[in-house]
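Here is a short note for a colleague who is opening this structure for the first time. Please keep the model in view while reading the points below.

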Amino acid sequence: MAKEDAGFKRELRMIDVWGLALGAIIGWGCFVLPGTSFLPKAGPLGTVLGLLTGAGIIVLISFSYGYLIQKYPVSGGEYEYAKHAFGRKHAFICGWFIVLAYWSLIPLNATAIAMIARFIFPGVIQIGRLYRVAGWDVYAGEIAAASAFIILIGIVNITGAKIAGRLQSIIAILLVASIIVTTVGVCMAKPDFHNLQPGFSDRMSPLAGTFAVVAYAPYCFIGFDCIPQSAEEYRFSHRKSNVIMTAAILIAAFLYIAVSMMTAVVEPWQAMLKSNPLWATGSMIEKAMGRGGVICIGIAMLCAVTSGMNAFYLSASRLIYAMAKQKALVKFFGVLDSKYATPKRAVYFCMGLALAAPWFGRQVLVWITDMTAVGGAMAFCYTTLAAGVLAKRNGDKVYSFLGFAGAMAASVFLVLSFVPGMPGFLSAPSFACLIFWIAAGILVYWKRER
C-alpha cells in the first residue's frame, strides 16, 4: 500500500504537543498587544483581570475539546466534530472560518520579524523602500526576510511531524525561559510598583476595559485547539490531551501577564504610552535592563514567531487535508506525501498565500488578523455545542453540561465582536475582509455541492 493511503505517522510525544499548543498561543501579540491594546484600553489591573477571565473561559471550552478528541481522534478537529453533530453544511462553515484564523497567523508572525529588526537592529533589513500602505512603509528587505521564514518553516512541515514536533518542543521551552529570565531581570532592577497606578485606563470604564481584553481571548489563546488537528499523530493516549491543553493555556496566561506587567511597571504607564514608543515592551525592558534585556526579549519574540508559524502551518495543512478528504474542498489537497506522510500540497498552498501577504504591508495583515478572534470564536462555539449534543446522545451528562456551558461562554466572544458599542467591535476594514472571506466561502461551497 502506498504511503499516501497509509495515513499519518504516530511521531508526536506529549511534550511535542504541549509545545505545539503553547507555541501557537504565544505569538507576536504577546509582545505587542500590551502597549497597543491591553494597557491603553484596560490599564494594568484591567489587563490582568481580563486575561485571567479569558483564560478561564478558554479552559472551560478546552474540556469539550478533550472529550471530543477521545471520541474522534482524527485530523480535522473542529470540522469533524461539527460534521458528526450538525452535518456537512455546518462543518464547512466551521472549517472555513478556522482555515482563515490559522492561515492568517502564518504571515503575520513572519512579518513580525520586521518589527523585531526595526527595534533591535534598525536599518539592517529596512532597505529598498517600495511603497506605503495604510501608514506602513513596505521594504524589499523586510519582504525578503519574512518570505525566507515562511519558506523555511514550510519546508520543515513538509519533511514530517517528527522534525516539526521536536523543533516546537525546543522553541517552546526556550520561549518560556527567555520570558522568565527577562521578568526576573526587570524585577531585579527594582522598579517602582506605584508606576502601575491607576489600575484602570481612563479611556473606558473598568468593566468595559476588562471586557475589551476578554474580547481578545479567542485571538490570544487560539492555538490550544491545534492539538486535535494532529490527533492522528499522537504517540500517547488521547485521554492526556485535556491535561496538555490546560497546562498550555495557564502557562500562556502567565506569560501574557508577565510581559504586560514588564511593559507597565518600569515607568508610569500612562505617561509611557503618551510618548508613543515604537515598541512599548522593548523600550521599557531596555530602560530597565539595557541592551542585554532587549536581546533576551528579542529571543523570546523570535521563538514565539517561529513556534507560531510552525504550529499554524501544521494545523492549517491538517485541516485542509481533512476537509479535502471529506470532499468539502478539492480532492487535490486530500493526499499525503509518499515519502514523509505529510499533507504537502496543503502546506504549499498555505505557503503560497503567505508569501503574497507581506507585500500588502503589516497594517492590512492586522485587519485580517482582527478576524482571527471571530474565526476562533466560531470554532469554539461549534465545538462546545457539538460536545454538548454528542455527549447528550451518549448519555455523558457531565460533558453535556460542560459543552453547553462552554457554548454560552464562547458566544460572549461573538457578542463582543459583532454588537455595536461593545469594546471588541470589529473595525470597518476588518468587516470588509470578513465579508470577502464569507463570500468566497459561499462560492466554494456552492461549487463543491454542485
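**Notes on the model**

1. Met 115 is found in helix H5. Helices here are DSSP runs (H or I, at least four residues), numbered from the N terminus. At 14% relative accessibility, Met 115 counts as buried, because buried means under 20% relative accessible area, exposed over 50% and partly exposed in between (1.4 Å probe, protein chains only). Met 115 and Val 32 are 83 residues apart in sequence, yet their C-alpha atoms are 9.6 Å apart in space.

2. A word on the source. This is a predicted model, in which local features need pLDDT of at least 70 and side-chain atom pairs count only at pLDDT 80 or more, while totals for chains, interfaces and linings use all residues. Residues are numbered from 1 along each chain as its sequence is written, and side-chain values use heavy atoms, with hydrogens and water left out.

3. Back to H5 as a whole. Of its 33 residues, 29 are buried, so H5 is largely enclosed by the rest of the structure. Its length also checks out. The expected span of a helix is 1.5 Å times one less than its number of residues. For H5 that gives 48 Å, and the end C-alpha atoms are 49 Å apart, which agrees.

4. Helix H6 (residues 140-158) passes the length check too. Its 19 residues should span 27 Å, and its end C-alpha atoms are 27 Å apart. The buried residues of H6 include Ile 143, Ile 150, Ile 153, Val 156 and Ile 158. Glu 142 and Asn 157 are also among them.

5. Helix H16 (residues 397-418) has 22 residues and an expected span of 32 Å. Its end C-alpha atoms are 32 Å apart, which agrees. Among the buried residues of H16 are Gly 403, Gly 406, Ala 407, Ala 410, Phe 413 and Leu 414. An α-helix has 3.6 residues a turn, so residues three or four places apart point the same way.

6. What does Ser 62 touch, leaving aside its neighbours within four places in sequence? Ser 62 is found in helix H3 (residues 29-71). Ser 62 is buried, with a relative accessible area of 0%. Its contacts (heavy atoms within 4.5 Å) are Phe 224, Asn 242, Met 245, Thr 246 and Ile 249.

7. Thr 210 lies in helix H8. At 10% relative accessibility, Thr 210 is buried. Beyond its neighbours within four places in sequence, Thr 210 is in contact with Ala 42, Gly 46, Leu 49, Gly 50 and Phe 200.

8. Next, the empty space. The structure holds four cavities of 30 Å³ or more. A cavity is a set of points, on a 1 Å grid over the protein atoms alone, where a 1.4 Å probe fits but cannot get out; lining residues have an atom within 4 Å of a point. The second largest cavity holds about 80 Å³ of space. It is lined by 13 residues, of which Ala 24, Ile 25, Gly 27, Leu 105 and Tyr 219 lie nearest its centre. Helix H2 (14-25), helix H5 (88-120), helix H9 (217-221) and helix H13 (291-325) each give two or more residues to this lining. The lining divides into nine nonpolar residues, four polar and no charged. Here Gly counts as polar, and Tyr as nonpolar.

9. Aromatic rings. Rings of Phe, Tyr and Trp (its six-membered ring) pair if their centres lie within 6.5 Å; planes under 30 degrees apart are stacked, over 60 edge-to-face and the rest tilted. By this rule the count comes to 16 aromatic pairs. The rings of Tyr 72 and Tyr 81 have centres 6.5 Å apart and planes at 45°, so this pair is tilted. Tyr 72 and Tyr 81 are both buried. Phe 38, Tyr 216, Phe 221 and Tyr 256 are linked by ring pairs into a cluster.

10. Backbone details to check. The peptide bond from Gln 197 to Pro 198 is cis, with omega near -5°. Pro 198 sits in the loop between helix H7 (161-188) and helix H8 (206-214). Lys 190 lies in the loop between H7 and H8. Its phi is near 55°, a positive value in a residue other than glycine. Lys 190 is exposed, with a relative accessible area of 74%.

11. Lys 327 also has a positive phi, near 65°. Its place is in the loop between H13 and helix H14 (344-356). Lys 327 is exposed, with a relative accessible area of 59%.

Conventions. On a 1 Å grid over the protein atoms alone, a cavity is a set of points where a 1.4 Å probe fits but cannot get out, and a pocket is an open set with protein on both sides within 12 Å along at least five of seven lines; lining residues have an atom within 4 Å of a point. Grid points are joined across faces, edges and corners, and a volume is the space filled by probe spheres set on the points.
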